Amino acid sequence: MEDGPPEPPHPDWADEQRMAFLFSAFKQSRDVDSADWDGKLAFWAPLVLQAAARRRRIRFTPRELGGWFQRNGAAPLGLATVLQHLARRGVIQTESSFAASVDTGWLARGVWLLLVKPLRWTLASILGTDTISPDDSFIIVDHIKDKAAEVLRLCQRSLDAAHPVAVLSALQQECREVCEDEKTFCLCLVQLQKDKKVAVAELDGERIVKLAHPGSNKPAVVTEVDVGVYHLMNCEKMLSHKAETLSQEADGYQEEARKQIRAGKKHLALKSLKMKKRTFKQLEDIHAKLDTIDTILNRIRSSQTDLKVVEAYQAGLGALRQSMKDVSVEKVENLMDEIEQFCDTQDDIRKTLAGESFDVAGGADVSDLEAELDALLQEEPQLPDVPADTRPAASFSEDNQLLAKLSKLSLTDQGPIVESRKPAASLELAQ
C-alpha cells in the first residue's frame with residue numbers, strides 16, 4: 001500500500017496562499033488569534049481522520065502523518081497541536097494509554113513492549129506542551145471499534161457457538177485478512193476486552209480467548225467449564241492427529257507385508273502383519289476415546305442448553321409475577337360487580353332516552369283501556385243494509401233504450417236537434 005494519497009487530500013490543495021496559511025505553525029496560544037487557531041483546526045482535524053480512513057488505518061505515527069500531507073517537500077508545522085486537540089476530544093489515543101486501560105497481562109512480551117510505553121505524551125498533553133515524539137503511535141478510537149467488530153464477526157463464524165473458546169494464535173490466523181499483523185489483532189482484542197465481548201486468559205503457557213455469545217448482554221468470562229472444554233478439545237485434536245498417523249502406519253505395514261511376500265520372506269511379512277494388527281488395536285482405542293470425548297462435549301452442550309431454558313423459565317416467571325403483582329381474586333370480583341352495576345345503569349339511561357318510562361295513560365292498566373275501547377265499539381249504531389233492486393227486467397230494457405237515444409243527441413248553434421219520432425208509414429206516403 002502506498003503512503004501517498006492517490007489524489008489531493010483537499011480541493012484547496014493547489015491554492016498556494018491558503019496552503020501557506022494552513023501549513024504554518026499555530027500561534028502560541030488561542031487567545032492571541034482565535035480565528036487563526038480555529039480555522040486551522042477546522043481544516044486539519046477532519047482531514048487527518050479522512051486520510052487514515054482512505055488507507056484503512058486504525059493507527060499512525062506523527063512521522064507517517066507528516067508523510068501523508070507532504071506538499072512541495074514540506075509537512076504541516078501544526079500537526080502536533082492538531083493531535084493534541086483530537087486527543088482531548090477523545091477521538092484518538094496513544095497506544096500505551098489505550099492498552100493500559102484494561103488488564104493486558106495476556107499480551108506477548110514483544111507486543112507489550114510495543115504498546116505499553118511511558119505515558120510521557122499524556123502528561124505533556126495535559127500540560128499543554130507540544131512534546132510529541134515522531135514515532136509515538138496513536139489509534140483512532142472509532143476506527144479501532146469498527147475493526148474490532150469485524151474481528152469479532154470472523155471469530156464467531158469460525159468457532160463453535162456452544163463452546164466459543166480457542167487459542168489466540170488460531171484466531172489470529174482466521175483474521176489475517178483484516179489484521180495485517182499481530183499488533184493490530186491484539187489492539188482489536190483489547191478493544192473487545194474493553195467492550196466485554198471477549199475474555200483472554202493464559203493457561204498452560206497458551207493464551208486462550210473466550211467469546212461472548214452472540215446477542216447476549218453478559219460479559220465474556222473464562223469459567224471452569226471453559227477450561228474443561230478447552231482441555232477436552234485439545235485432547236480431541238491430539239487424538240485425532242494420532243489416529244491419522246496410526247492409520248498411515250497401518251497402511252504402511254500392509255504395503256510392507258505385500259513386498260515381503262513378493263520377496264518370499266514370509267516371516268518378515270508375518271511380522272509386518274502383526275505390527276499392523278497392533279496398530280489397528282491402538283487405533284481402535286483412540287477411536288473409543290474420541291467417542292467418549294465427543295459424548296462428554298455433547299452432554300456439556302446439552303447442559304448449557306438446559307441452563308438457558310431454565311434461565312428463560314425464571315425470567316418468564318419473574319415477568320409473570322411482576323405483571324400480576326397488583327391483581328387478586330378479590331379485586332377481580334369487585335371489578336366485575338362494578339361492571340355489572342354500570343351496565344344496569346346504562347340500560348336504565350337507554351330506556352329513559354327511548355321514552356319507555358313515560359306513562360301516557362296516567363298509570364292506568366292497559367287491560368282496562370282495551371276493555372273500555374271494546375265497550376265503545378259496541379255502543380255505535382248499526383247502519384241498515386242497502387236494499388236490493390227489485391225492478392222487473394222490462395224496466396231495465398227501457399232504461400237501456402233511453403240511454404241509447406240520449407247518446408245520439410247533439411248540440412248545434414241554433415239549439416238542440418231533436419230526433420224525429422214519425423212512424424215509418426208516414427215516410428212511405430210522402431214518397
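Strand β6 spans residues 206–211 and is mostly covered. Five of its six residues are buried. The model is predicted, and this report follows β6 through its sheet.

**The sheet**

How many strands does the open sheet have, and in what order? The sheet has three strands, ordered β4-β6-β5, and the pairing is antiparallel. Strands β4 and β5 are the edge strands, since each pairs on one side only. From one strand to the next, the twist averages 30°.

**The pairings**

Strand β6 has a partner on either side in the order β4-β6-β5. The table sets out the two pairings.

| Partner of β6 | Residues of partner | Bridges to β6 | Sense |
|---|---|---|---|
| β4 | 165–167 | three | antiparallel |
| β5 | 198–203 | six | antiparallel |

Single residues show how the strands line up. Take A166 first. Its bridge partner in β6 is V209. Now take E202. Its bridge partner in β6 is R207.

One general point helps when looking at any strand. In a regular strand, side chains alternate between the two faces of the sheet.

**The turn**

Strands β5 and β6 form a hairpin, with two residues between the strands. Which residue there takes a positive phi? The answer is D204, with a phi near 55°.

**The helix on the sheet**

What packs on the sheet? Helix α11 does, and this helix covers residues 224–262. Helix α11 touches β4, β5 and β6. The direction of α11 makes about 55° with that of β4.

Notes
Residues are numbered from 1 along each chain as its sequence is written. This is a predicted model: local features need pLDDT of at least 70, side-chain atom pairs count only at pLDDT 80 or more; totals for chains, interfaces and linings use all residues. Side-chain values use heavy atoms; hydrogens and water are left out. Buried means under 20% relative accessible area, exposed over 50%, partly exposed in between (1.4 Å probe, protein chains only). Helices (H or I, at least four residues) and strands (E, at least two) are DSSP runs, numbered from the N terminus. Two strands pair if DSSP finds at least two bridges between them. Axes are lines fitted to C-alpha atoms, for helices over the stretch in contact, and angles run from 0 to 180 degrees between N-to-C directions. Contact means heavy atoms within 4.5 Å.
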